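Please open the structure in your viewer and set the display to a ribbon representation. The stops below are arranged so that each selection leads to the next.

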Amino acid sequence: MTEKITVGVFFGGRSGEHEVSLLSARSILANLNPQKYRLVEVGITKEGEWLSGEGVLDAFQQGKTAHLQPVAMFPQAGDQHLYRLNNGQYETFTRLDVAFPVLHGTFGEDGTLQGFLELIGIAYVGAGVLASAVGMDKALFKTVLRAYDLPVLDYQVFSRRQVEQEVQKVIETIETNLSYPVFIKPANLGSSVGITKCRSRSDLMEGLYEAARYDRRIVVEQGLEKPREIEVSVLGNDEPVASIPGEVVPGEDFYTYSAKYLSDNSQLLIPAPLTDEQTREIQRIAVQTYRAIDCAGMARVDFLLDRHTEQIYVSEVNTIPGFTQISMYPKLWEASGLPYAELLDRLIELAIERKADRDRTEFRYRREG
Ligand SMILES: Nc1ncnc2c1ncn2[C@@H]1O[C@H](COP(=O)(O)OP(=O)(O)O)[C@@H](O)[C@H]1O
Ligand SMILES: [Mg+2]
């Protein structure tokens, strides 16, 4: 038997999706094959402190973290150690082979942690810095997709400053270019936080101020009336593949925060009831979207389907999608013939493969001969 791979599983974090991350981590920790992996849990508090020790996840879920020890890594190239703080001194705790960020949203899914892991030079699961950041930014993401002629709904981007200083002009621009309903969203957030569906000028005013609380940049998007919501899981590095599509049927007017996490009246349909042709088209666009942002490892690509015209639009991409056993990302793979534990094996392999590929890159000019 070859030596076990030490996987550092990072969860919790500073984003609004802290609790969701704990649920995803619970499933991942339970399904990483103990014959193959040695697991090291690293919990990140809502304040951003890294903690490790015994039963970290249980401690986080029970809110009893006092016995855990602060740990850290340092951005020194090649130093894959986790250090433990003991009496004011950092001492070596353990070395990680692969980092598995199970962190949704800001400071976990947006390229910030990925940048830190790049500086260290450790293999990590999922997308790199660029794809993480672009995938997180609803404005840049659409701009990139437009450049690739991939279908996205019309949109406008405004700054918080514009909203604060010339809201009338902003509203005029929106009404000239889009028609009601429109959706207003903070550019960099998830879980439907700060999102408003607007049917009138007064909704717009409220929605703009609401979104401005959460970000400096605000996306205003053409809305669809009760679109179908289709999701596809994509897996791979240079040769990404798409799962069968699934469908979310939100239990509320749209897929709001409460519909996602608080009520259980939303339904998942797997596979999504689509024609073969629609399925192929959606899978093709999912893979192209993944490639367009140079994604790696995994991503869930979400679509909106207009019920009247049957036109398909890419809505967003999640580079660290929900990962509980009842989450869409792993369920779509299971339905496509890839069981949960094997999906995790594949993600670890892809992380190692991507790191090896990156190590072949020369970062400085070397003269021949
Ligand atoms: N243009 C739109 N037309 C209709 N519904 C939308 C539109 N944009 C978003 N929604 C609804 O709002 C939900 C959340 O929007 P989304 O862009 O996916 O943000 P998040 O990153 O918070 O999930 C979607 O799942 C969908 O129900
Ligand atoms: Mg969404």
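The tour proceeds from the domains to a contact between two of them, and then to a sheet.

Please bear in mind throughout that this is a predicted model. Begin by colouring three ranges separately: residues 5-124 are assigned to domain 1, 154-222 to domain 2 and 228-358 to domain 3.

Next, keep domain 1 and domain 3 in view; their C-alpha centres are 25 Å apart. Where the two meet, domain 1 contributes 19 residues to the contact and domain 3 contributes 15.

Which elements of domain 1 should be selected on the side that touches domain 3? At least two residues each come from strand E1 (5-12), helix H1 (18-31), strand E7 (98-102) and strand E8 (123-124). Of these, H1 gives the most, with 6 residues. Colouring this side of domain 1 by residue class shows 12 nonpolar, 6 polar and 1 charged residues.

Now select the sheet. Its 8 strands run in the order E6-E5-E4-E3-E2-E1-E7-E8, with mixed pairing, and the sheet is open. At its edges are strand E6 (89-95) and E8, each of which pairs on one side only.

Zoom in on the edge formed by E8. Here E8 and E7 pair in the parallel sense, over 2 bridges. Selecting Ala99 and Tyr124 shows the two residues opposite each other, with Tyr124 in E8.

Finally, return to H1, which packs on the sheet and touches E1, strand E2 (37-44) and E7. What angle does the direction of H1 make with that of E1? The angle is about 155 degrees.

Methods: Residues are numbered from 1 along each chain as its sequence is written. Chains are lettered from A and ligands numbered from 1 in the order in which they are written. This is a predicted model: local features need pLDDT of at least 70, side-chain atom pairs count only at pLDDT 80 or more; totals for chains, interfaces and linings use all residues. Domain bounds come from an automatic or database domain assignment. Two residues are in contact if their C-beta atoms, placed from the backbone, lie within 7 Å. Helices (H or I, at least four residues) and strands (E, at least two) are DSSP runs, numbered from the N terminus. Ala, Val, Leu, Ile, Met, Phe, Trp, Tyr, Cys and Pro count as nonpolar, Asp, Glu, Lys and Arg as charged, and the others, Gly among them, as polar. Two strands pair if DSSP finds at least two bridges between them. Axes are lines fitted to C-alpha atoms, for helices over the stretch in contact, and angles run from 0 to 180 degrees between N-to-C directions.
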